[in-house]
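Student: I have a new model open and want to learn how to read it. Where do I begin?
Tutor: Pick one element, then work outwards.

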Amino acid sequence: MEGILHFVAKLTYLSVYSKIFLLVYQPVNFGDDDDFMDNYEPIRESFLKEVAASSSLDALYAVKVKYIGKKGVISELNKALAKLPSEEKPIAGFEIGKLRNEFSAAYDDKESSLKERELSEKLISEQIDVTLPGLTLPIGREHIINKTAGEISAFFASIGYLKATGPEVELDYYNFEALNMPYGHPARDMQDTFYVSDYEVLRTHTSPVQIRTMLACKPPIRIIAPGKVYRSDYDVTHSPMFHQVEGLYIDENISMGELKGTLEHFVKALFGSDVPVRFRASYFPFTEPSMEVDMGCSICSGGGCRVCKGAGWLEIGGCGMVAPEVFDAVRLDYNKFSGFAFGMGVERIAMLKYGIDDIRLFFENHLKFLNQF
Ligand code: DAH
């Protein structure tokens with residue numbers, strides 16, 4: 001009985017498949033033979049051959065579309081199945097399913113081996129040599145002028161001075177007038193000025209910060225004011241923009257002895273405790289008396305050289321006791337208060353400290369120069 005059933009099944013199987021393959025595979029052209037086994041095998045074989053020949057995932061995917069895709073071989077088979085007599089459908093359906101599963105399994109196998117190969121190729125081609133030297137990013141540093149201004153400020157901060165600031169475009173009034181340099185005063189000639197308008201200038205010095213501070217604060221006043229200043233000047237020792245640090249101390253009973261002691265202490269702190277300091281009588285409209293501060297030449301230690309022009313001394317700034325006209329301008333009573341002021345060039349101090357002979361080096365921004373400090 002079993003033998004007969006088997007035989008019948010086999011017959012049905014053969015006849016069903018020969019019909020389907022004739023119907024479906026004409027366009028794909030797998031041969032005209034109408035025997036199922038002859039048709040089935042070539043399809044299977046050509047599928048497996050095409051899968052094996054696929055050398056990339058894209059190529060493999062094209063094979064999948066051709067055989068298992070929406071309009072592929074399997075779905076054509078399923079369409080043909082619908083046209084078969086209903087008693088033939090179950091077996092034919094079963095067989096189509098089996099073929100499909102076989103195709104899918106072969107596809108999946110190949111897909112995973114291709115993926116593995118692509119991954120290992122990618123890993124090899126994108127290999128990183130961790131022993132290669134890294135990229136070194138240049139690290140910036142503080143400009144020598146800012147650094148020097150910082151050192152000056154730090155010293156005065158250590159003896160109780162606060163920092164004050166003022167605008168670089170300054171009123172003529174604060175830059176000159178209130179500092180006892182009225183319009184037409186010959187002392188204005190000492191500072192070649194950039195005029196912004198009839199009543200505004202690019203500040204020629206940091207001294208106007210004295211005026212602004214005395215107008216804004218009551219004594220005791222103890223400030224330093226570092227900042228940029230501008231003059232129409234350009235050569236090895238002059239730059240149209242440079243930096244100054246202003247100092248001002250106003251209280252009752254401030255003496256010239258305190259001024260001298262403060263600046264001497266400052267020079268020794270910055271340049272060394274054995275550097276001599278001297279004060280020379282001078283003239284500034286806003287101080288009375290006025291002095292210039294010299295320190296022993298740091299290059300020749302006072303022996304005389306090219307830098308100090310044989311004098312053995314180098315000038316580092318101006319100073320003096322705040323003049324009565326200035327007290328008047330800020331409406332402070334000079335019978336009650338007294339005080340001193342000083343001003344120095346930051347570039348000049350840096351040049352003396354580091355033996356630099358051309359002020360323009362500070363602003364040309366060559367890294368070879370700047371990286372030394
Ligand atoms: N402002 C002066 C200049 O630029 C320097 C100066 C001298 C400032 C004496 C002062 C001072 O405060 O008392 O030439």
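**Reading outwards from a helix**

Tutor: This is a predicted model. Take helix H8, residues 208–216: Pro208, Val209, Gln210, Ile211, Thr213 and Met214 are buried there.

Student: Which elements do the buried residues of H8 pack against?
Tutor: There are strands and helices on the list. The strands are S2 (169–171), S4 (221–230), S5 (241–251) and S9 (338–345). The helices are H7 (172–175) and H10 (324–329).

Student: How does H8 lie relative to S5?
Tutor: H8 runs at about 35° to S5, and lies across S4, S5 and S9. Helix H11, residues 346–354, packs on the sheet too. H11 touches S5, strand S8 (313–322) and S9, and its direction makes about 60° with that of S9.

Student: What is the strand order of that sheet?
Tutor: General idea: strands of a sheet pair through backbone hydrogen bonds, either parallel or antiparallel. Here seven strands form an open sheet with mixed pairing, in the order S1-S4-S5-S9-S8-S7-S6. The edges are strand S1 (162–163) and strand S6 (277–284). Each has a single partner strand, so one side of each lacks a neighbour in the sheet.

Student: In which sense do S4 and S5 pair?
Tutor: Antiparallel, over 10 bridges. For a landmark, find Ile224: it stands opposite Gly247 in S5.

Student: Now the core. Which residues have the most contacts inside the largest one?
Tutor: General idea: in soluble globular proteins, nonpolar side chains tend to be buried together. The largest nonpolar core here has 52 residues. Those with the most contacts inside it are Leu179, Leu263, Ile316, Cys319, Phe340, Val346 and Ile349. A second, separate core of 11 residues includes Leu77, Ile96, Leu99 and Phe103.

Student: What does Phe340 touch?
Tutor: Leaving out residues up to four places away in sequence, Phe340 touches Tyr249, Ile254, Glu258, Leu259, Cys319, Gly320, Met321 and Val322.

Student: Which residues are around the ligand?
Tutor: List the shell, then sort it by chemistry. The shell is His205, Ser207, Glu246, Phe284, Thr287, Gly318, Cys319, Gly320, Ala341, Phe342 and Gly343. These divide into four nonpolar, six polar and one charged. S8 and S9 each supply at least two of them.

Student: And the whole chain: how many helices and strands?
Tutor: The protein chain has 13 helices and nine strands. Of its 373 residues, 30% count as buried. Among contacts with a separation of 6 or more, 64% join residues 24 or more positions apart.

Technical notes. Residues are numbered from 1 along each chain as its sequence is written. This is a predicted model: local features need pLDDT of at least 70, side-chain atom pairs count only at pLDDT 80 or more; totals for chains, interfaces and linings use all residues. A residue is buried if 20 or more other C-beta atoms lie within 10 Å of its own, exposed if 12 or fewer, and partly exposed in between; C-beta atoms are placed from the backbone. Helices (H or I, at least four residues) and strands (E, at least two) are DSSP runs, numbered from the N terminus. Two residues are in contact if their C-beta atoms, placed from the backbone, lie within 7 Å. A nonpolar core is a set of buried Ala, Val, Leu, Ile, Met, Phe, Trp, Tyr and Cys residues joined through C-beta atoms within 7 Å. Two strands pair if DSSP finds at least two bridges between them. Axes are lines fitted to C-alpha atoms, for helices over the stretch in contact, and angles run from 0 to 180 degrees between N-to-C directions. A residue is near a molecule or strand if its C-beta atom, placed from the backbone, lies within 6 Å of it. Ala, Val, Leu, Ile, Met, Phe, Trp, Tyr, Cys and Pro count as nonpolar, Asp, Glu, Lys and Arg as charged, and the others, Gly among them, as polar.
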